[in-house]
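Welcome, and thank you for opening the viewer. Let us take a short walk together, one selection at a time.

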Amino acid sequence: MGHRKTSVARAPSLTLGAAVALAFSVPGQAAAQVIASDPRGSGPILAAVNWVQGTLLGNVATAVAVIAVAIVGFMMLTGRMNWRHGITVILGCFILFGAAAIVAGIQAAASLAR
């Protein structure tokens with residue numbers, strides 16, 4: 001028995017580049033939607049989450065990320081670290097500091113899909 005390839009029609013999907021472009025074009029609108037939908041009694045939880053966000057994106061985190069990228073880059077150049085592991089660290093920093101834009105893009109794409 002031979003295997004046949006079947007063609008599956010797929011709906012057009014939003015590419016990562018388009019999602020990032022949407023994130024930078026409408027972050028205020030996405031943030032306004034999130035603020036408007038906060039449930040009652042979520043003040044203390046929201047304050048704690050904002051504290052975590054400030055900690056992860058603040059001055060200390062930025063300094064640690066710069067030092068980490070510098071050390072990893074030096075280790076990759078001297079051959080002491082595998083390039084794949086080094087790229088993982090650098091990509092993680094991009095995701096950490098770009099998380100707000102990524103989420104805004106996903107929310108914008110979801111609101112366009114409705």
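Start with the whole protein chain and switch on its surface. About 9200 Å² of the protein chain is exposed, and 70% of that area comes from carbon and sulfur atoms. Keep in mind as you look around that this is a predicted model.

Next, change to a cartoon view. How many helices and strands does the protein chain have? You should find six helices and zero strands. Followed from the N terminus, the elements read α-α-α-α-α-α. Of the 114 residues in the protein chain, 15% count as buried. If you display contacts between residues at least 6 apart in sequence, 61% of them join residues at least 24 apart.

**Stop one: the nonpolar patch**

Select Leu-77, Trp-83, Ile-87, Leu-91, Phe-94, Ile-95, Ile-102 and Ile-106. Together these residues form a nonpolar patch on the surface, with about 890 Å² of accessible area. Two elements each give two or more residues to this patch: α5 (83–97) and α6 (99–113). Which of the elements gives the most? It is α5, with five residues.

**Stop two: along α5**

Now select α5 alone. This helix has 15 residues and reaches 21 Å from its first C-alpha to its last, close to the 21 Å expected at 1.5 Å a residue. Zoom in on the start of α5, where a side-chain oxygen of Asn-82 comes within 3.2 Å of the backbone nitrogen of Arg-84.

Move along to Phe-94, which also sits in helix α5. Phe-94 counts as exposed because its relative accessibility is 61%, and the cut-off for exposed is over 50%. Add Ala-65 to your selection and draw a line between the two C-alpha atoms: Phe-94 and Ala-65 are 9.6 Å apart in space, although 29 residues apart in sequence.

Then pick Ile-95, another residue of helix α5. Is Ile-95 exposed or partly exposed? With 47% relative accessibility, Ile-95 counts as partly exposed.

**Stop three: a loop residue**

For the last stop, select Ser-42. You will find Ser-42 in the loop between α2 (27–36) and α3 (43–57). Ser-42 is buried because its relative accessible area is 16%, and buried means under 20%. Show the side chain of Ser-42 together with the backbone of Pro-39: a polar atom of that side chain lies 2.9 Å from the backbone oxygen of Pro-39.

Note on methods:
Residues numbered from 1 in each chain as written. Predicted model: local features only at pLDDT ≥ 70, side-chain atom pairs only at ≥ 80, totals over all residues. Heavy atoms only, no water. Helix = DSSP H or I, 4+ residues; strand = E, 2+ residues; numbered from the N terminus. Buried < 20%, exposed > 50% of the residue type's maximum accessible area, 1.4 Å probe, protein only. Polar contact = N/O pair within 3.5 Å; in protein donor to acceptor, adjacent residues only side chain to side chain. Contact = heavy atoms within 4.5 Å. Areas by Shrake-Rupley, 256 points an atom, 1.4 Å probe, with all protein chains shown as cover. Patch = residues over 30% accessible without salt bridge, like charges linked within 9 Å, V, L, I, M, F, W, Y side chains within 5 Å. Salt bridge = Lys/Arg side-chain N within 4 Å of Asp/Glu carboxyl O. Expected span 1.5 Å × (residues − 1).
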